[in-house]
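Work through the exercises below with the sequence and the model side by side. Try each task before reading its solution.

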Amino acid sequence: PAFFCNVGMSTESSYFAHLLEHPVHFITEVVLVVFVIYLWTTKSFKQPVTEDKLSTEEEDQLIGEWVPEPLAPTEITGEDRTTKYMVEGPVSAHTLVNSKDCLNFVSNGVLGLQCHPKVKEAAIAGAREYGIGSCGPRGFYGSLQPHLDFEVDIAKFMGAESGVLYPSEFQTISTIIPAFAKSSDYVIVDRGCSFGIQSGASLCRGKVIWYDHNDMQSLTRGLESLTHIFKQKVHRVFLVVEGIYANSGDIAPLDKIMKLKERYPFRIILDESYSFGVLGDTGKGITEHFGIPTSEIEILCASNGNALGSVGAFAIGLEEICTHQRLNCTGYVFSCASPPFTSAAASAGIKLLSSGEIKPSELRKKAKRVHEKINAFLSTSLWSGDKKEKEKTTKSLGSIFENASFVESPYIHLRLKACEDRAEAEDKLNEVVDLCFEKGVLVTSASYSTREMYRPTPGLRLAVPLNITEKEIDEAMDVLKKSLEQVFL
């Protein structure tokens, strides 16, 4: 006992000796202890005491006098094209706009699945069973059976291990890139990519290298500049391309890119938002078009809102890649899940494609006919000048416009070759849109964000629907030709 007493006294004396040697430390400890006790005994919130209280009559008067400000401007200055044309009814090849039946060359739903009876039945059944909202992100009570069924259906259809369903098309590609490309990685991007890809490239922490649109020599130079990076086997290199480019309508030379992949070990992020449901025998996209297995593409994503006629988007790949997206893609983690009935509708659309009931080849045939008609009137020359004059000049739409799209793409960009005044050019294009509408044909001018790094020149954008006849195509293209000649020649 004496021994333990001595030990205790020795320890206590050494502690006090330490405090005397370090008084600042001792004072700090005392202040912290007092502060903790203060926080423990003090209420976190005190109700403010107000001496002047309003009576019930005064409260009712103030509430009655309060006028909320409008969420949107009540008066619109200038021409507002967002409300000039109002769609009245289902969006299909024939659409009612401003009470006029029009041939629709505007809607991205080129396969017409949004109006297909089986898709509508699936959507109605899903709404009756699961309601119309998810009420939360996928990871927080927002996953319902139609979401899970769609992920299984799309993975099976595309021949992949797993799939991920996203609620937003734009957020899919713009968050996939930052989720995989870290600060030590490199991202090579085509300058012709969409604004969503541009946003993802700017949000990622990797080093971004841009190459000229569909220029394999420019891409090769970019890859050669990273030869030392490939040798280190530490940094990852991603190549981001689109199947059918949203800003031009042409396709990526995926066959040539795969040959480069044999020489340089980069990973491919492929956005098939406009090629899914369009290219390939069964609509699997540009991979099927070139006969390339989807397993050779590390990350493949596409929109549900174009060919499938639904909402949101999906991504497919290895199970590990999809799991990484569910944990790291902000577009998946923090966004409310898509309505379950839209996923049921998308699953029905996949079944129609896989069964062969919907044939993308028929769509491509009609798109090719539209291209032929456009290329024909672009090469047609018109005489200008008085007949009495000896000298006459010729003008053609082909000297002003170019068809920048792939010959079988239903998404066609007819854009100006040169543009000095963008606002003036867009006004003329809108005049063409108005003239076509007067004749019962819906076309639109291509819209680009002012924040796009590589914004194309203004032009018209057409989307060729499947459910349209060759006669209607000829009539619509004749209307388009005459409208362009009236405004630009």
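Two strands pair if DSSP finds at least two bridges between them. Helices (H or I, at least four residues) and strands (E, at least two) are DSSP runs, numbered from the N terminus. The model is predicted: local features need pLDDT of at least 70, side-chain atom pairs count only at pLDDT 80 or more, and totals for chains, interfaces and linings use all residues. Residues are numbered from 1 along each chain as its sequence is written, and side-chain values use heavy atoms, with hydrogens and water left out.

**Exercise 1. Place strand 8 among its partners.**

Task: find which strands pair with strand 8, and in which sense.

Solution.
- Step 1. Take strand 7, residues 267–271. Strand 7 runs parallel to strand 8, with three bridges between them. D271 has C301 of strand 8 as its bridge partner.
- Step 2. Take strand 9, residues 313–317. The pairing of strand 8 with strand 9 is antiparallel, over four bridges. Here L300 is bridged to I316.

**Exercise 2. Sort the side chains of strand 8.**

Task: which residues point one way from strand 8, and which the other way?

Solution.
- Step 1. Recall the rule: in a regular strand the side chains alternate between the two faces of the sheet.
- Step 2. Apply it to residues 299–303. I299, C301 and S303 point one way, L300 and A302 the other.
- Step 3. Check burial (buried is under 20% relative accessible area, exposed over 50%, partly exposed in between, with a 1.4 Å probe and protein chains only). Five of the five residues are buried, so strand 8 is mostly covered.

**Exercise 3. Compare the two cavities.**

Task: how many cavities of 30 Å³ or more does the structure hold, and what lines them?

Solution.
- Step 1. Fix the term. On a 1 Å grid over the protein atoms alone, a cavity is a set of points where a 1.4 Å probe fits but cannot get out; lining residues have an atom within 4 Å of a point. Points are joined across faces, edges and corners, and a volume is the space filled by probe spheres set on them.
- Step 2. Count: there are two.
- Step 3. The largest has a volume of about 70 Å³. Its lining includes S92, N104, Q114 and N467.
- Step 4. The second largest holds about 30 Å³. R422, E426 and Y448 are among its lining residues. Helix 17 (residues 422–438) gives the most to this lining, with three residues.

How values were computed: On a 1 Å grid over the protein atoms alone, a cavity is a set of points where a 1.4 Å probe fits but cannot get out, and a pocket is an open set with protein on both sides within 12 Å along at least five of seven lines; lining residues have an atom within 4 Å of a point.
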